[in-house]
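Here is a friendly note to read alongside the model. Keep the 3D view open as you go through the points.

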Number of protein chains: 2
Amino acid sequence: MQSTILSRRDIEFMLYEWLDAEALTRRPRFQDHNRETFDAAIDTAEQIATELFAPHNKKSDQQEPHAVPGEHCLDVKIIPEVKTALDAFCAAGLMAAGQDFERDGMQLPTVVEKSLVAYFTAANVSTTSYLFLTIGNANTLLKCGTPDMVKRYVDPMFAGKFFGTMCLSEPQAGSSLSDIVTRAEPDPVAGVDGERRFRLSGNKMWISAGEHELAGNIVHLVLAKIPGEDGKPIPGVKGISLFVVPKFLVNDDGTLGERNDVVLAGLNHKMGNRGTTNCLLNFGEGKFRPEGQAGAIGYLVGKPHQGLANMFHMMNEARIGVGLGAAVLGYTGYLHALDYARNRPQGRHPAQKDPAKPQLPIIEHTDVRRMLLAQKAYVEGGLGLVLFSSRLVDEQQTAETPEAREHAGRLLDFLTPITKSWPAQWCVEANSLAIQVHGGYGYTREYNVEQFYRDNRLNPIHEGTHGIHGLDLLGRKAAMLEGALFKSIGAEINKTVRQLRGSVAVPSTASAALPAAVAATVAGELLAHAAALETAWQGVEQVTQTLYAAGDMNKTLANASVYLEAVGHVVVAWIWLQQAMVAAAALASASAADADFYRGKLQACRYFFHWELPKVEQQLALLASIDTTTLDMQDAWF
Amino acid sequence: MQSTILSRRDIEFMLYEWLDAEALTRRPRFQDHNRETFDAAIDTAEQIATELFAPHNKKSDQQEPHAVPGEHCLDVKIIPEVKTALDAFCAAGLMAAGQDFERDGMQLPTVVEKSLVAYFTAANVSTTSYLFLTIGNANTLLKCGTPDMVKRYVDPMFAGKFFGTMCLSEPQAGSSLSDIVTRAEPDPVAGVDGERRFRLSGNKMWISAGEHELAGNIVHLVLAKIPGEDGKPIPGVKGISLFVVPKFLVNDDGTLGERNDVVLAGLNHKMGNRGTTNCLLNFGEGKFRPEGQAGAIGYLVGKPHQGLANMFHMMNEARIGVGLGAAVLGYTGYLHALDYARNRPQGRHPAQKDPAKPQLPIIEHTDVRRMLLAQKAYVEGGLGLVLFSSRLVDEQQTAETPEAREHAGRLLDFLTPITKSWPAQWCVEANSLAIQVHGGYGYTREYNVEQFYRDNRLNPIHEGTHGIHGLDLLGRKAAMLEGALFKSIGAEINKTVRQLRGSVAVPSTASAALPAAVAATVAGELLAHAAALETAWQGVEQVTQTLYAAGDMNKTLANASVYLEAVGHVVVAWIWLQQAMVAAAALASASAADADFYRGKLQACRYFFHWELPKVEQQLALLASIDTTTLDMQDAWF
């Protein structure tokens, strides 16, 4: 049976046929790699994900972690399958898949690394969260921490001995991080790392993987405020600094020392993502007194008052990670629905209703195919967007010229809010359609798709809500560097359109295998898509100018969420057109099975251009009208 | 604090200011009623729903019914609060709210009865399901059953002593009822009701309220097939007959007799709606042998082979009920989100970011207002649609002339698939937005909105899936009686447009209280809405002709779901325009609080016309192009 986690054929299409991951092996950093080493890593990921992550996905949901009174504070009980899976992941060296060889890493390109992540997340998002929070944490410390911190915390994290978290939110400060009140005061006890030692006190909310016994230690990265000269916290984001606060202090020889004063105050009980502990943590509450003093011991990471900038290293990575998670939860739901639709007999064709004939598999019903095709368009569009962005990370880090690296960085900055938000919107919709294909069965916990729907609903909320990313895209990214990011994307979209116009003769002439009429049809269709994309992007350009000409930032930004959604749809249309161009070119000389695969890509692309992209017109018209319906609405009128 | 179940102000607006429920009291059937008696019934419903239904809504979800081994078969355990609530409902006489006085009913109009239902469903959809399945069952038997069945089953159901179910689906036959295989054979034992007595055997799936101990007896209405002359079931819907199958046989004096052979085979575990038992039931399995013979005893309702037509009495009622449930689950979610948004401080205005100033309630953020206004537009539009349809039921039954009754029936037939499906789509979206307004808190089970989202996701599935209703609307209703239903709706929409054009001078001249400029703005805005509605309906008319001219029913019906959604949006725009006209007229002489309320109606109407109705254009264009993307998609290409 075909895997219902991800389509390996599609992953290979994206990596090798479209995004040309093999080209990266010509760069110094990846020169020891080739397609075989990439494939071997994916094999490992697919195998471990299939054998150890997917099987307990439902059990984790049904028997979620729960707090139990421990000797000194609350502990957490988690089903044992989670640790078994995590240990296998770490033992395979996957925690350091993207790290340098000298750090015992695999030195894989980001686009390949994200393909590995895709398997684990699709198989079991809750168990996987423990890992990717750790990797994000370690990467941040690697960038901003001292060599001692790297030795003490980062190396054990990449070795899978310690796990990590990011502690930003507080009960009164979620989206508004400037309002955090956790305090960090210089530690009166001088230590080795004297000037970096602080004592933290405060409460952190929504901390994923904040407490567990899955690894020897938990390394918290914590935002807190160092009091100003008047002894009061400095208001706003300027007052925020970043600290590393381990659950157990780490001795110079790497062994664990005293218990630090970070304790679980309680667990949040989520609709989905239940297998990941989500914690309210108290820092410096007094349950422990490390080194005889009050306050959790934390070490300043980077410069004081630069906490948010430092944390953003982790957050940008996390945002691509959220987009990836959303896309692959949609993807596995789609594969489950496809499998069900092929095997569930129900009903007959409208024109052949003879009840004496056997029922048809429901995939024969056009409306079921609509739901499957929509899912395919969303999830392969979403995964394509995330891998495209991941490929840009590789360009940003390893492209030959500084100009190319800068260009990639600009594209990536612009795309990040979309890469996070588009899959989080549309792949939840895909999960809803997967339920719908299953009918009543899909609504029960006896099947898998309802869990994907619940799990995925988190993604429009965390790592910046949908609305926050709308403001980021329209309020910051679109205007940044005098519109340079925006122009970079426009240039790339136009390049694709020009490439297509320059190459359309190819499929109809180069191939005898493909009937000329068919090839011409495909070429004509792609040209029509290209024209639609060009028009849509011109619409985005115009509306961006119109919005900035409104003369009132409240009006400019009032409908930023719609802007995010419209630009996202245009960008994903572009992603689809790129995939379709590859498929069209390959169709000519393809085997029968491959030809079916490429036909599917072309049909999903058609779906996106006929059914989805036209939605943008209404959104752009609304934006261009500087509609103030929501801005004018008054509290008292509700 | 304002109720978070429903807005009483809005219910009264809809009933009295818009739908003129008081006019019904001039009809003979309702002449003993007046606004005071209606209000008293609503008071009772609101009080019982608030005090006894809402408080255990979460507990029912968290401690769902579970099967336990009984003496002879599986029993079900349900938290005791459910029976307390149901008993209070029955004791208040609400089970017979719509029934004749002579049947100890309240003889309330349907539009008022549905307003009562709205409170219970919004407060606790799971507990309420037991009641409304019973009422639907009793109404069907009242219409199609014998006088003896009415006495034996219907009277005890309206008295709240017995509860009822509808048993249609089987594991292999959900949407395709023609494929049921439950057999009904003439009972060899002659009884009082000899020729109607059959023995049933088979399995029924998805039976809500199929087993419990909440009432003295359970009256199942069961679809089954009587074998034809060759001893085999007659294929197709023609072979289906309807039977009443009580859990306990009922003696002539109304006391309970022998246990019938209907037993619980297992419970389904749903994502939401957990408090209602959802059962796999076995009929004639052999656990019991009533009157010493094999097979569950059932009594034929109506004529043989007319089962589906008879069951449709219940299903049309149930479809309006599903739309109502969807609308009010969205509504209560909206009120919860509104309450949260008014009380949760977070962040500051883009133009005033001084972090030393206190945070603002999030309702101050435009994007939060967008989400609240969208919810308001969806839920008040959805509830409006359902109450409008309910009002048509009253017209169909009590209008003065046969022509008026027929006209109302045609409108209702056309609107039924929309009344079921539109709220089931958009009020789930409202629930998603309610979570989004809450941020991370909304995603947890510590708050209420995630449950509404899970509960409401059932509604696009049961009582005919979304796709089935698309086929019903485009394939049956649009063409029925040579388009007479379709023309009836068009005539009504045009009437509203004409009324508006004839009345727009009124608000700006009739009122000194309202500044003329404001009144003129409102009038101008409503005229613009009316023009947009007119254009949209013309678009629907054209596209319906185009689709039927396609010359191939597979092409005509391929995108029926899009048709359903487009027509639904146009219909709800019409519903909104009607509400806005009432609000605009009342604004002139309104108190300050009422003026705020009417302003809210006008703003939500504006939202619908600026943000929602324009979406229809893309859908109509897609339909008009006879797009075959989904029709052409091949299984092998997925």
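The points below cover the chain pairing, the symmetry and one helix packing.

1. A word on the basis: this is a predicted model, in which local features need pLDDT of at least 70 and side-chain atom pairs count only at pLDDT 80 or more, while totals for chains, interfaces and linings use all residues. Residues are numbered from 1 along each chain as its sequence is written, and chains are lettered from A and ligands numbered from 1 in the order in which they are written.

2. Start where the chains meet: 76 residues of chain A are in contact with 76 residues of chain B (C-beta atoms, placed from the backbone, within 7 Å). Helix α18 (residues 592-612) of chain A gives the largest share of chain A's side, eight residues. Helices here are DSSP runs of H or I with at least four residues, numbered from the N terminus.

3. Next, the symmetry. A turn of 180 degrees with a shift of 0.0 Å along the axis lays chain A on chain B with an RMSD of 0.0 Å (least squares on C-alpha atoms of residues with pLDDT of at least 70 in both). The two copies are therefore related as by a two-fold rotation axis. In chain A, A:Lys615 comes closest to that axis, at 3.5 Å (C-alpha).

4. Finally, look inside chain A, where helix α9 (residues 366-398) of chain A packs against helix α17 (residues 560-587) of chain A at about 90 degrees, with axes 9 Å apart (lines fitted to C-alpha atoms over the stretch in contact, with angles from 0 to 180 degrees between N-to-C directions). So α9(A) is roughly perpendicular to α17(A) (65 to 115 degrees). Among the contact residues are A:Phe388 of α9(A) and A:Trp576 of α17(A).

Definitions and conventions. Contact = placed C-beta atoms within 7 Å. Helix = DSSP H or I, 4+ residues; strand = E, 2+ residues; numbered from the N terminus. Parallel < 35°, antiparallel > 145°, perpendicular 65-115°, else oblique.
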